Amino acid sequence: MKAKFILNFKPDMVDKPLTYLLIKEYDIKINILRGIITPGKEGRLLIEMIADDDAIEKGLEFLRNENVEVIPLQKKISLREDECVHCGACISVCPSGALEMNRENWMLVFTPEQCVACGLCKSACPLRLFKLDFAE
Amino acid sequence: MTNRTYSEINQRIEKGDVVVLTAEEVKVLAEKDGVETVAKEVDVVTTGTFGPMCSSGAFLNFGHPSPPIKMGKVWLNNVPAYAGVAAVDAYIGATEHSEIEDEYGGAHVIEDLVSGKKVDLKARARGTDCYPRRQVDATIDIDSINEAFLFNPRNAYQNYAAATNSTAKTIFTYMGMLLPNLSNVNYSTSGELSPLLCDPKMRTIGLGTKIFLGGTQGFVAWNGTQFHTTRPTNDHDIPMAPAATLALIGDLKQMCPEYLKAAVYERYGISLFVGVGVPIPILDEEIAKAVCIRDSQIETHLQDYGAEGRPSLGVYNYEQLKSGRIEVDGKEITTGSMSSMYKAREISNKLKDWVAKGMFKLTEPVQGLPSNTSLQGLKPKEGTQ
């Protein structure tokens, strides 16, 4: 399975090779999508994990034991779909395919699993309906 | 050859046996049974569009306080409104910005009013013998003011150029965010559902035409500003650049926020989504043929908004643009729309329903729209930049 998580870690964790350990010890393919890491401050990573469910679960347990806050990405992005007018202004800026138009009913289709938290939709939406907490 | 007149159509609407289809449905019928059948069997075709239309606004009359005031400057929720008309009239323009908030403007004031929300009014005046008051602060809403009518100088553009950006930096435009290096394309139309593309010669649309506007009935008041009827056309009589427009008027008190929605375009400003639908009477076969236009037959230029003069990078039709991807210089580019097809379809269906239920009769234009018009530029004074 594939899943995306935001990892928040404390200043003293910044120099620990977390991704290396996830790969080596838990056999998880890691794709780093975004990162804010400043020495002496809290760090934040957006990663995609590719492995079987069991391995991912063990990897997440390891992270939690290391005091890393693990948040599934879907919990940090949201679209107020009931207010959407389905104009499509967010679609052409979306690099990941998370936002697409259903060409039968002309409604916006949002697939949070595909999102890479780039935030372009947040700027493009004329109704300001997206919420993305990654950088905050 | 005339198939039917306005009065025959209205009699059928009254009797409840009018044949009305949306502009999408009529195309299916035409492909199955031909345009002759459409001309013979269909009385009315309904169109729709729901796009950001900056050239929108509303006239409001607030009523007089005692003693009265000749308002010189007016603010609604801290958004300046134009008060250079008689004493307690003002015009709130959709694109006007709040003086204190970044993402609030005239369009939001209009949406707040139609949503029934309270709005703060601040007015200042010089004071005269007949209007001695110099200032007033009040809370108003749509029911507390006398008249409120939407009057939009330029709506329902007949075609518009698609936009992209060849430069190395993202640019922020009224056509949305245009990413660097030809990475996205935005267009704005409902295409084969769009009013002025379904009657490109405007044979049935003119002054006084009754339409769907903002969720209620409105009227075509005049030709819209920047009304251009001499753009090059393609083989299907479709102008391939921004051409005709409509000035629209309607009672704001009857409108609803589902069809008037404030929009914010990053680093560009405020605009207003306006729901417009025009019923087209199928008077003859020429009009029947026109309403059966397909997206594949409606073409527009793709312009590079990053380059000076916005040069054309090619001609694309709306079947291609609406597909989600087009090829430019051998590169596949994602397309997106500024205008909602979902709402355009909803509007065409709603208008169809009104006509079918006898709630909406058709009006023959009092006068046709101008022909042979083009645009003039503005020449700055010599020695100025």
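**Exercise 1. Which residues does Tyr26(A) touch, not counting residues up to four places away in sequence?**

Before we start: this is a predicted model, where local features need pLDDT of at least 70, side-chain atom pairs count only at pLDDT 80 or more, and totals for chains, interfaces and linings use all residues. Residues are numbered from 1 along each chain as its sequence is written, chains are lettered from A and ligands numbered from 1 in the order in which they are written, and side-chain values use heavy atoms, leaving out hydrogens and water.

*Solution.*
- Step 1: find Tyr26(A) in helix α1 (residues 18-26) of chain A. Helices here are DSSP runs of H or I with at least four residues, strands are runs of E with at least two, and both are numbered from the N terminus.
- Step 2: look for contacts, meaning heavy atoms within 4.5 Å. You get Leu21(A), Ala55(A), Lys58(A), Gly59(A) and Phe62(A).
- Step 3: check one partner. Ala55(A) is 29 residues from Tyr26(A) in sequence, yet their C-alpha atoms are 6.0 Å apart.

**Exercise 2. Work out how helix α2 (residues 23-33) of chain B packs.**

*Solution.*
- Step 1: pick its buried residues (buried is under 20% relative accessible area, exposed over 50%, partly exposed in between, with a 1.4 Å probe and protein chains only). They are Ala23(B), Glu24(B), Val26(B), Lys27(B), Leu29(B) and Ala30(B).
- Step 2: think about spacing. An α-helix has 3.6 residues a turn, so residues three or four places apart point the same way.
- Step 3: list what the buried residues pack against: β1 (20-22), α3 (35-41), β2 (44-46), α5 (195-198), α6 (285-291) and α8 of chain B.
- Step 4: step just past the helix, where Gly34(B) has a positive phi of about 95°.

**Exercise 3. Find the largest nonpolar core and its best-connected residues.**

*Solution.*
- Step 1: take buried Ala, Val, Leu, Ile, Met, Phe, Trp, Tyr and Cys residues, and join them through side-chain atoms within 4.5 Å.
- Step 2: the largest such core has 72 residues, and those with the most contacts inside it include Leu99(A), Val38(B) and Phe273(B).
- Step 3: helix α8 (residues 341-356) of chain B gives the largest share, 6 residues.
- Step 4: a second, separate core has 54 residues, among them Val74(B) and Ala107(B).

**Exercise 4. Describe the make-up of chain B.**

*Solution.*
- Step 1: count 8 helices and 26 strands.
- Step 2: note that buried residues make up 55% of the 385 residues in chain B.
- Step 3: box in the C-alpha atoms along the principal axes, which takes roughly 70 × 60 × 40 Å.
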